[in-house]
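Hi everyone, thanks for coming. Let me put the structure up, and then we can walk through it together.

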Amino acid sequence: MKWFKQTVFYEIYIKSFCDGNGDGFGDLLGLTERLDYLVELGIGGIWLTPFYPSMQVDNGYDVSDYCAVDPLYGTLADFQVFLREAKKRDIRVVIDMVLNHTATNHRWFKEHPDYYIWKEQPNNWTSFFGGSAFSWDVERGQYYYHSFAHEQADLNWANPAVKEEIKQVLRFWLDLGVDGFRFDVINNLTLDLTFPDNPVDENGEVLHKYDKDQLGIDGVLTELAAFCRDLRPDVFLVGEISSDQLPEIARYSHPELLDVTFNFNFGSIETFAPEKLFQELVEMEKVLPAGQMPTLFFGSHDMSRSFSRLANQNLPLAKLLAFVILTARGVPFIYNGEEVGMSDLTFASVSEMADIQGIMAYEQGITAGMSEQQALFDASQKTRDKARGPMIFADGQAFSTANRTWLKQNQESSEKVQQIFAYYQRLLAFRKLAKYAAEPYTLLQYEEECITYQRGKYFFAANFSKHKKAVAPPNGRLVFGQEEQGRLAPLSGAIYLMEEENEDYY
Ligand code: GLC
């Protein structure tokens, strides 16, 4: 069985994770020192956000050199040490690959303008951060296309030379020993090169129709995936598809394309409702091509923290959400800090923000005539800084504050931190022993705020209601979770081992 199918991944936002050299920013040295913490937690894979040289306009997603390490985070030798130490601990490492665009200070932008997309006149396409997606380049006297910030110029994937350059980048990292890639906004690579105006909805918002999921995308992705798999047959490829529509997301999860894609239809929901969660679990089973697995997550560096957004600061609910992603069928991704119940940061002024998405929202609000207060409110909704605050570790060791000039840190109650961490630990340890990760559902149902499923010889129950529930199957023995008077405790999850007659599993 492919290793990723039984791996629990852990996303590390490197800048806020652990500061090894005391300069106020997380780095590779700090991350390596913290590998034992991850062993203690019990995860099996890391997705590391970009650590390449960058102007840091979009926190590293504006890459200036694909084959090096930003001095802010250390050196290539530090990366190799990190990789070696991770492997020693049986932790796989997946790195972020931002192939849709480079920073405008990447040497290609000057040396190979044909690697980028130029136009005499902009059309109505907008950047995902707001404003026009075209910027004027004085030297060339033309507009270049950037689907994100003005400093992130989109690569021209219609030029075969771009593909060849990127293959060498992929080879470089695979040769170093990474186990896979997380492909950033990968469905954006191809465009409708006749540049028709995008449709506009009733609120005047320009929709992203002709600037993603365009003709040729399957060809490009098949070629890149095959290239990686030839070099490394067990490479893991996970794609970020910029969409929250399940059919679009699921389409890219395919034996010849990506191993899995991020299910934003599930993970980035705005408000929590158990029935909706259940329906998404069912839909993913229906819509994904046979044999493909969904991804299960409730957080990332791009969205509000699940402890605030979904659990509403409710500790049992936070644990129950963890229960679902670690027991339902799919590849789980825990976002750093979720395992200690970190909550969203709040902002008293735009000067406390670092994320371009928040800062741009503020500036656009002011330009549109909003009051400072309104613009700050709007920016606070949009800024991804909420989820990017310095990591809080369960052992109480705080991120160094001495030189930290950027995001502030929330105070979190140490009791909460300990409790949630211990829960993750127990469940991850159970998951490893019980080996249900690749089992299909033989049952998946919903009744009165309770989601229940059976996989292999285990029966799982997630009770989202405030009442005790009699959910135990007749021949099930409780092996994880808590019952009260023979019924499953409110807002809690339990696992039962289905005992067959005359058979002793232990
Ligand atoms: C992805 C990243 C996000 C970044 C964007 C542009 O969505 O997760 O952080 O801003 O791509 O690279």
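Let's start at the ligand, where a side-chain N or O atom of Glu240 sits 2.7 Å from a ligand oxygen. Please keep in mind that this is a predicted model. Asp184 does something similar, with an N or O atom of its side chain 2.8 Å from an oxygen atom of the ligand. Then there is Arg182, which places a polar side-chain atom 3.1 Å from a ligand oxygen. How much of the ligand does the protein cover? On its own, the ligand has 300 Å² of accessible area, and 96% of that is covered by the protein.

Now step back to the whole shell. There are 14 residues around the ligand, and the ones that come nearest are Asp58, His101, Asp184, Glu240 and Asp302. So Asp184 and Glu240, which we just met through their polar side-chain atoms, belong to that nearest group. Sorted by class, the shell contains 7 charged residues, 3 polar ones and 4 nonpolar ones.

Next, the cysteines. How many disulfides does the structure hold? The count is 0. Take Cys67 as an example: its closest cysteine sulfur belongs to Cys228, and at 13 Å that is too far for a bond, because a disulfide needs the two sulfur atoms within 2.5 Å. Cys67 is partly exposed, at a relative accessible area of 27%. Cys18, on the other hand, is buried, with a value of 11%.

Last stop, the empty space inside. Rolling a probe the size of a water molecule over the atoms shows where space is left. Searching the whole structure that way turns up 2 cavities of 30 Å³ or more. The largest cavity holds about 90 Å³. And which residues line the largest cavity? Among them are the aromatic-ring residues Phe298, Phe307 and Tyr424, along with Leu321, Ile325 and Ile420. Ala318 and Ala322 are in the lining too, as are Gly341, Ser306 and Glu338.

That's my tour, so over to you for questions.

Conventions: Residues are numbered from 1 along each chain as its sequence is written. This is a predicted model: local features need pLDDT of at least 70, side-chain atom pairs count only at pLDDT 80 or more; totals for chains, interfaces and linings use all residues. Side-chain values use heavy atoms; hydrogens and water are left out. A residue is near a molecule or strand if one of its heavy atoms lies within 4 Å of it. A polar contact is a pair of N or O atoms within 3.5 Å; within protein, one must be able to donate a hydrogen and the other to accept it, and residues adjacent in sequence count only if both atoms are side-chain atoms. Accessible areas come from the Shrake-Rupley method with a 1.4 Å probe; for residues, only the protein chains shown count as cover. Ala, Val, Leu, Ile, Met, Phe, Trp, Tyr, Cys and Pro count as nonpolar, Asp, Glu, Lys and Arg as charged, and the others, Gly among them, as polar. Buried means under 20% relative accessible area, exposed over 50%, partly exposed in between (1.4 Å probe, protein chains only). On a 1 Å grid over the protein atoms alone, a cavity is a set of points where a 1.4 Å probe fits but cannot get out, and a pocket is an open set with protein on both sides within 12 Å along at least five of seven lines; lining residues have an atom within 4 Å of a point. Grid points are joined across faces, edges and corners, and a volume is the space filled by probe spheres set on the points.
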